[in-house]
Amino acid sequence: MIARYARPEMTAIWEERTKLDLWLEVEVTACEVMAELGWIPVEDARVIRERARYDVEAVRGNEARTQHDVLAFLEEVAAQVGPAGRWIHQGLTSSDVLDTAFAVQLCRACDLLLADVEGVIEAVRRRAVEYMLTPMMGRTHGVHGEPITYGYKLAGMVEEFRRAARRLRAGREEVAVGKISGAMGTYAHGAPELERRVCERLGLRAERLSTQVVPRDRHAALMQVWALVATSVERWAVEFRHLQRTEVLEVEEYFAEGQKGSSAMPHKRNPIVGERLCGLARVVRGYAVTALENVALWHERDISHSSAERVIFPDAAVALDYMLNLLRELVERQLVYPERMRQNLEQMRGLYGSQGLLLELTRKGVGRREAYEAVQAAAMACWRDERERPFVEHVREVPLLREKLSDEEIAAACGLERHVRWVREKFEELGLVSP
């Protein structure tokens, strides 16, 4: 991922030195466990722990010659250790080191992403409580429906990212496995106990049954989770972008002193953060397809997945980390315009009361079709009224409505109160506010 969309905490997980440090830890830990099992001299394991190191440039030089990254690394480490280095990689295959170290990187990335999601949840929760009872128009198909509150809308965002957190935990559990089972996964030159102990010390579980690699359905499952989290980010970026449209303008991205919106039009204040989030979500979703295609390898293993994984997992992790932090900042600094929400709410002159009237008529014994058509007649007259009279005036001009409903019943059915009366209780149920 380019530096423009990267944060140092996440990029550090995917740096070459981090990867090689993990390879080294897998190899050294395996030697220590072999010594415990009596397979190699304890003193040699001690020497390996003390002397095992590498020089990145030397590893790169070795790889230019060997065309094999793990062998290039092993040659450099063994040269640093001396005679005891002969035990390094004893009975292991490259994927034992690669996949086990990769699992640690993925777990670290998931831990950071979980912290990011929790940050989003807390930021949104605070804004949701702030605007818990701020009325606004709810929309379907982009058209006014019935009133909600802005806090209620944001409470839905809290719940979505709570689900994202649960999925991330499950995805982390899925990939928190390593393998030290050898070339075909049969332990022909090792033992399950070696694998179990090494993985345990690295914070992993041993793969229940591997081939030469950890099966890639696990990695594909995690990438689907990341793609879904990115899509949740996009969903709310799209929502905020719509609410910032000039004709709506109920919320707006923070516009800093000195910021410019357009090279040509000095008046512009564009939702650039939301648009950036939408674009990056497309990138992460594209990687989900690649991860799925990595599942079908030849027989016990080929390396067609390897080149793709070097790109997609670091990039997706870095992009998603950036996106979540950017979304949190967007919500924290968002400008909210309650008065504009009220103006838009009143724009339709009370038409949102149509369902309340419909239901009130059915309670009076009127058939649903007859009730619907009577209320619709009043609504359509209101839509077409060039004088822009309130909806309730048109309601009183429909004989069935005038006959069945009193002025008090009409006012109650068309009132705003029914749309906000349960909001506080729902916030308590969701744990957003205290009872």
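A pocket, as the word is used here, is an open set of grid points with protein on both sides within 12 Å along at least five of seven lines. The model searched for such spaces is a predicted one, and two of its pockets are described below.

The largest pocket comes out at a volume of about 640 Å³. Its lining runs to 26 residues, and those nearest the centre are Lys19, Asp69, Leu98, Ser306 and Arg310. Four helices each put two or more residues into this lining: helix 2 (16-36), helix 5 (69-81), helix 6 (94-130) and helix 11 (304-333). Helix 6 chips in the most, with 7 residues. As for chemistry, the lining of the largest pocket splits into 10 charged, 8 polar and 8 nonpolar residues.

Next comes the second largest pocket, with a volume of about 380 Å³. Here 16 residues make up the lining, and Leu351, Ser354, Gln355, Ala379 and Met380 sit nearest the centre. A strand joins in this time: strand 2 (143-149), helix 13 (354-363) and helix 14 (368-384) are the elements that supply two or more lining residues. Helix 14 takes the largest share of the lining, at 6 residues. By residue class, the lining of the second largest pocket holds 10 nonpolar and 5 polar residues, plus 1 charged.

Put side by side, the linings read as follows: 10 charged residues in the largest pocket, and 1 charged residue in the second largest.

Methods: Residues are numbered from 1 along each chain as its sequence is written. This is a predicted model: local features need pLDDT of at least 70, side-chain atom pairs count only at pLDDT 80 or more; totals for chains, interfaces and linings use all residues. Side-chain values use heavy atoms; hydrogens and water are left out. On a 1 Å grid over the protein atoms alone, a cavity is a set of points where a 1.4 Å probe fits but cannot get out, and a pocket is an open set with protein on both sides within 12 Å along at least five of seven lines; lining residues have an atom within 4 Å of a point. Grid points are joined across faces, edges and corners, and a volume is the space filled by probe spheres set on the points. Ala, Val, Leu, Ile, Met, Phe, Trp, Tyr, Cys and Pro count as nonpolar, Asp, Glu, Lys and Arg as charged, and the others, Gly among them, as polar.
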